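Let's take a walk through this structure together, starting from one pair of side chains and working outwards. Please keep the 3D view open as you read.

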Amino acid sequence: MRNRFCKLLVLNIVLFFSSLTLVCGQEKQIDSLQSVLKQKDLEDLDRGVVAQNIGDLYYSLSDFENARDYYNQALELYSKANHGIKKVGVLVALGIIHEAHNDFDKALSYYYNSLSVLDSNETDLTKEKYKLYRAVILLDISIVFGEVKYYDSALKYGLEGYEAIEKSDSMRQAVSLLNIGAIYLGLRQPQRALQYFEKSLKYFGEQEKEGSRTSAGVYTNMANAYFELNQRETALEYYTKALQFYESKSEQYKSDEAGVKAYIARLYAEGGDMINAKEMAYQALSLSQTEKGNDFSEGVYETLVEFYTASGNSDKAFESLSRLNAIRDSIYNPEVLSQISVLQQEYDQKILEEQNQMKIQLVQQKELIGRYKWYALTALLLILFLALLLIYSRLRHRAKLNKIELENSKKEQSKLTEQVTFKNKELTNFATYIVWRNEFLDDLKNKISKLKTRDDVKENVSGLTSMINQHISTANERKDFEVRIEEEYANFFYKLQSQYPSLTEKDRKLCSFLLLDLSSKEIASILNIASSSVDKSRHRLRKKLELDSDIELSTFLKDL
């Protein structure tokens, strides 16, 4: 028996047209909107919205012909206004109308068209809305393929749609799970189908009260799965749950009631209970012949064929079979199925071409990016080379300047060294001269002293001795010598005073003589004192400087 997916078409309307509200006085709303539509100053986009609303109202009144006319009008207006997203909803609505009338090839054409328009206008939607719209369209396509028993294609689109639905959207997940379960049931995999039905029922239970139409639809599918597993008692239990809901709704769900009673009749017939099977089959037949109950006519006549064949009534079985074939011919028309196959191939080819085009664009982009990278790398290397060249040039110039500065510095240092050496030598010479002169004059004085014993020269010698005494190392000469040393060794005396503040003026003066490498005798001659006094002063100075006996005093002072 062909599975009708529990009338998911109604759910699709709810999923896509949230603006549709069923209220009293819809005819008045239509009249009012038609007056608005006639206004000439209305923009195409606004006129399209009004036409779509009128189509929605006609659809709610089951006036599918007028609904289709206004949807087509809205589609034309949206095209003029170049508003692709609005076209998507209208195309889906037209697909649903054709699907409800078993025009599956036309329905599929509208769904594929809506999917193409949606993909072309993806950037006009948020990521979440795009995924939602695409999931709903894929679900509609899956249902169409399931209706014509193209279960492999139905499963492909059903799973793709389910994966696109957000985990938090429990109602749409429930619808997708129910659809996938029905497909597995069509593929004769009832155990796997039950897994999806149970998950679907759990989601529906979170959104709706027990006994809702959606829950009843899940019960019917679960019963069919248990029937395939030969668990007839469990199947009858779920059929009964679904039937209780449909019978409580009077005329509203006669089509669903007819389908469930046809399933129950089949179950009774399989179990050999021909009395109950006959009763349920006739009830199902009676309901299917009403305006709102003919959706399951195929299932009803399928059950009657099985029932009449089992009871041996060949005439009735043949009559039911003829009607069943007529219904199936209208649904599974070879031309329709062929057109569906063509549509699927065209869409698959289009997707393949788009994928190939995307691959080509991706390759071209990679080549372009690679070329740009090469250009950028070349430019970077060139800049780096120029930068290194500039750095090298500057470093080379700096090296030259440094070399010149170093040479100048060496020359200056050499000049300063020569000056210092010259001044040191000059000071040393000056000190040597003072020592030599004093020694000479001392010697001369000593010789004259010996001549004083002679009376004839005594008077003249005394005057000569006095003059010699005046020229032996006068204080002015010593002062001049000390000043020159202070000036020449100012930095040395600063360090000496900083490190050894306890040194006296005599100590500092002795240090200056030692810097010139003068001996104790020479120092004594300059200071006009005894050599032993100089030695004592040197000894006191070593103590103040805290020098070990193995350190030369003059060397220490030069290294200070």
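Glu247 and Lys261 join their side chains in a salt bridge, with 3.6 Å from N to O. Glu247 belongs to helix 12 and Lys261 to helix 13, so this pair links distant parts of the chain, 14 residues apart. A salt bridge here is a side-chain nitrogen of Lys or Arg within 4 Å of a carboxyl oxygen of Asp or Glu. Helices (H or I, at least four residues) and strands (E, at least two) are DSSP runs, numbered from the N terminus.

A word on the source: this is a predicted model, in which local features need pLDDT of at least 70 and side-chain atom pairs count only at pLDDT 80 or more, while totals for chains, interfaces and linings use all residues. Residues are numbered from 1 along each chain as its sequence is written, and side-chain values use heavy atoms, with hydrogens and water left out.

**Around helix 13**

How do the two partners of that first bridge sit in the structure? Lys261 is buried at 6% relative accessibility, whereas Glu247 is partly exposed at 43%. Buried means under 20% relative accessible area, exposed means over 50%, and partly exposed lies in between (1.4 Å probe, protein chains only).

Lys261 has plenty of company: 16 of the 17 residues of helix 13 are buried, so the helix is largely enclosed by the rest of the structure. Helix 13 covers residues 254-270, and its end C-alpha atoms are 24 Å apart, in agreement with the 24 Å it should span at 1.5 Å a residue. That expected span is 1.5 Å times one less than the number of residues. Just after helix 13, Gly272 takes a positive phi of about 85 degrees.

**Aromatic pairs**

Across the whole structure, a search finds twelve aromatic pairs. One of them is Tyr58 with Tyr70, stacked at 5.7 Å centre to centre with 20 degrees between the planes. Tyr58 lies in helix 3 and Tyr70 in helix 4, so the pair ties together parts that are twelve residues apart in sequence. Tyr58 is buried at 13% relative accessible area, and Tyr70 is buried too, at 14%.

A second pair brings us back to helix 13: the ring centres of Tyr239 and Tyr263 are 5.8 Å apart and their planes are at 15 degrees, so this pair is stacked. Tyr239 is in helix 12 (residues 232-247) and Tyr263 in helix 13, 24 residues apart. Tyr239 counts as buried at 0% relative accessibility, and Tyr263 at 4%. For these pairs, rings of Phe, Tyr and Trp (its six-membered ring) need centres within 6.5 Å; planes under 30 degrees apart count as stacked, over 60 as edge-to-face and the rest as tilted. Elsewhere, Tyr112, Phe145, Tyr150 and Tyr157 form one aromatic cluster.

**More salt bridges**

The structure holds nine salt bridges. Here are three of them, including the one we began with.

| Acidic partner | Basic partner | N to O distance |
|---|---|---|
| Glu247 | Lys261 | 3.6 Å |
| Asp507 | Lys544 | 2.6 Å |
| Asp517 | Lys558 | 2.7 Å |

Asp517 sits in the loop between helix 21 and helix 22 (520-527), and its partner Lys558 is in helix 24, 41 residues away. Asp517 is partly exposed at 47%, as is Lys558 at 43%. Asp517 is also in contact (heavy atoms within 4.5 Å) with Ser554, which touches Leu514 as well, leaving aside neighbours within four places in sequence. Ser554 lies in helix 24 (residues 553-559) and is buried at 14%.

As for the other bridge, Asp507 is buried at 7%, while Lys544 is partly exposed at 32%.

**Loops and the chain as a whole**

Which residues other than glycine have a positive phi? Ser62 is one, with phi near 65 degrees, in the loop between helix 3 (44-60) and helix 4 (64-80). Asn82 is another, at about 55 degrees, in the loop between helix 4 and helix 5 (84-100). Ser62 is exposed at 52%, and Asn82 is exposed at 71%.

To finish with the overall picture, the chain has 24 helices and zero strands. Buried residues make up 41% of its 560 residues.
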